[in-house]
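Hi,

Here is the structure I said I would pass on. Have a look at it first, and then read my notes below.

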Amino acid sequence: MNTKLFKAVLSALLAVLVSTTANSQVKKTAFNISPLLDAYNVSWDSPGPTSSQSMPIGNGDIGLNVWVEPNGDLCFFIGKTDAWGAASATEKNNWIKDGGVLMKLGKVRVSLSPTPLTQGTLFTQVLKLHNSEILVKEGDTQLRVWVDANNPVIRVESKSTKPVSVKVTLDNWRAGNGDIIMTNQANKIAWYHQNAKDADIHLQGITFGGIIKGKGLVTKDDTTLQSKASFTQSISVYPLTTKDITPDEWLNQLNKQIAHIDALPFEQTRLAHQQWWDKFWHRSWIFIKGDEAAVKNTQGYVLQRYVTACAGRGAYPIKFNGSIFVVDNPQYKQNRKIVSIDADYREWGGQYWFQNTRPMYWPRLMAGDFDEMLPLFKMYAKILPDNAAQVKKYYNHGGAYFQETQPFWGGLPYMGPEVKENWTGHYFTPILELSMMMLDYYEYTGDKKFAKETLLPIASAGVEFFDKHFGRDAQGKLLLDPDNSIEMFWKAHNPAPDIAGLHAVVGRLMTLPAGVIDEKERANWKRFYDELPPLPVGDKDGKQVLLPYTGPQTVKGHNLENPELYAIYPFRIYGLGRPDLDLAKNTFEVRKFKDKGCWIQDPIQAAMLGLPDVAKVYVSYNFARKEPTLKFPAFWATGHDYAPDEDNGGNGENGLQEMLMQINGKKIMLLPAWPKEWGDTEFKLNAPFNTTVQGKVKDGKLIDLVVTPASRKADVIDMSK
């Protein structure tokens, strides 16, 4: 038997089968999203010239910045969610040193000869959202770039009407400075970075890098592969991150990974990749027609959701300050000086700041992107035991909390009452908000395993910390002192965010079903709930309002935040369909800080209070705030963070969702803060209890409503009437 012929026929049959299955499944989908998505593909008609003009693409763990230089070379940086390096010994900035450096794996250059990009040649570069691929056309040559949604491999394919030779080069600015280019790799480029032995113990042993190869590519030198002239060429890049193994073991592991991927029929992997993205886009959508702001907001929403999906399924959560899409810049303005930075640099360093991380994750619930929430939950679950041990050591009681700012391995400083106040030292709120988010995740998915193994250990540890760490006042109520009112007021007395968080979280924990908690836990939470103090309330400008902390003390403010509004978002004590709406509206109206963009919460809070005009202004600002030094329309401005800022887009997503749909218990409120000038709209969003809500808005009215399961339609409140 001709083995090669048999394999070829078998591969072709599998490809046809997968294609037929994929097409059949797409045809069964009630909503054809492709035409609407295609309108928001990003298209450019001129090359780079630099990484500042790059497009993002990724598979949830591996992310690329892709651009074309004026000479026709296709270039891309490779980012990965677990490529944690250590700062150099000479780095003076503590924010850079602490928490590790989320590095690039390297830069790849693909050169064509003869170059098809000459003066007068037609050029286009298009990000095709539906299939998550970038198509570059240089005259008669096409380059296709995609990162397999199901396998850790980057694909670059060339196709030309005339034979061209392809050269692939690894451009590595760290070679000889932490990175090793491996020698004697036949028809491959192999390289890795291994953290030094004097790095932080949590960073020691991390090794990351990759291999580049392709059929017909032969070694020219250790960093260059070259092909003969042909009509087509395929290049594959295989990244890998490991820990606590030798470089030889890393290489062996990567070669096994490559063998597994290469054994899969190529066209089958492409179709499976396209099928994954088709399913992703059918989870949810918002497409608005109307004024210029409506179109711009749709673009921002679609592209932010895409960028999040490109980086949201890795080993670690998304970094607020650039995700895995930071770029180099030889003319970067730093402290009023022009400096040259490489693509490993990011302001605010490698630590996770919870207040800056949450904006990307709250919108995942209504979007139905539940898989993208798991890296966040897993990181904190892994941190919990060590943090609990430190709480026991420092304070001789149980429970745990998470720092507002922390590396991916967690850890806590001693912060007894005698320790001098600072920005985040006595800031205990993150574990409460994370518990709130996890309660929502459980409510949306019904995942009891998650509730028992992840939600309850974290939430109960947080509640126990507050119960044991703080005393009681003369009336037997919990006395939170000293306790920061987020970063705004240090060592405040009974700060509003923690009181709101405890009321919201403990109140919901008590209602969990018997199959998730036992009655002893429920009784203990009930006892603690009855000891919680009320939220601080007072008068301002002649109106009754919520206060950031309880008097009579006066605490100096240090930031641009309104902590009293945490009772609206994220803790939802107040809002549409809830008691004392006027109190919350008064508080929002007289809030001191009314900044826009970045981590500012006003677009979400305005929507939750049913203020469509205010919400529209804030959301529209978020989705128009592109970083001027970067070309991609959803690489948001630095703001208080670093470009491409992820907070800006995440809060824009959240605000837009809340304008369209809000949840109150089992009730689903539609169009609670929807501007009338945003006319024709098509949407599908996810709601608790495995529910989806699909419909249209026509002339400000809700039409064509489809609720799945149909029994949940009775819980829908149409607020456009």
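How are α11 and α13 oriented to each other? One thing to keep in mind while you look: this is a predicted model. The axes of α11 (residues 448-469) and α13 (residues 519-529) come within 11 Å and cross at roughly 40°. Angles from 35 to 65 degrees fall outside the parallel and perpendicular classes, so α11 and α13 are oblique to each other. Their crossing is left-handed. On the α11 side the contact uses L456, S460, V463, F466 and D467, and α13 brings W525, R527 and F528. By type, the residues of that contact are five nonpolar, one polar and two charged.

α11 also has contact with α10 (residues 430-445). The axes of α10 and α11 come within 9 Å and cross at roughly 155°, which makes α10 roughly antiparallel to α11. This crossing, too, is left-handed. From α10 the contact takes in I431, L432, L434, S435, M438, L439, Y441 and Y442, while α11 supplies K448, F450, A451, T454, L455, I458, A459, A461, G462 and F466. Here the split is 14 nonpolar, three polar and one charged. If you want one residue to click on, try F466: it is part of the contact with α13 and of the contact with α10.

Next, α14. This helix covers residues 581-589 and holds N586. Its buried residues are L583, A584, N586, T587 and F588, and what covers them includes the strands β25 (537-540) and β26 (543-546) and the helices α15 (602-608) and α16 (612-622). Leaving out residues up to four places away in sequence, N586 touches K543, Q544 and V545. N586 and L546 are 40 residues apart in sequence, yet their C-alpha atoms are 8.4 Å apart in space.

Then there is α5, residues 266-283. With 18 residues, α5 reaches 26 Å from its first C-alpha to its last, close to the 26 Å expected at 1.5 Å a residue. The buried residues in α5 are T269, R270, L271, H273, Q274, Q275, W276, W277, D278, F280, W281 and H282.

Last one: T207, in strand β12 (residues 206-213). T207 has a relative accessible area of 0%, so T207 is buried. Again without residues up to four places away in sequence, T207 touches Y192, H193, Q194, L240, T241, T242, I245 and W250.

Cheers

Definitions and conventions
Residues numbered from 1 in each chain as written. Predicted model: local features only at pLDDT ≥ 70, side-chain atom pairs only at ≥ 80, totals over all residues. Heavy atoms only, no water. Helix = DSSP H or I, 4+ residues; strand = E, 2+ residues; numbered from the N terminus. Expected span 1.5 Å × (residues − 1). Buried < 20%, exposed > 50% of the residue type's maximum accessible area, 1.4 Å probe, protein only. Contact = heavy atoms within 4.5 Å. Axes fitted to C-alpha atoms, helices over the stretch in contact; angles between N-to-C directions. Parallel < 35°, antiparallel > 145°, perpendicular 65-115°, else oblique. Left-handed = near helix turned anticlockwise from the far one by under 90°. Nonpolar A, V, L, I, M, F, W, Y, C, P; charged D, E, K, R; others polar.
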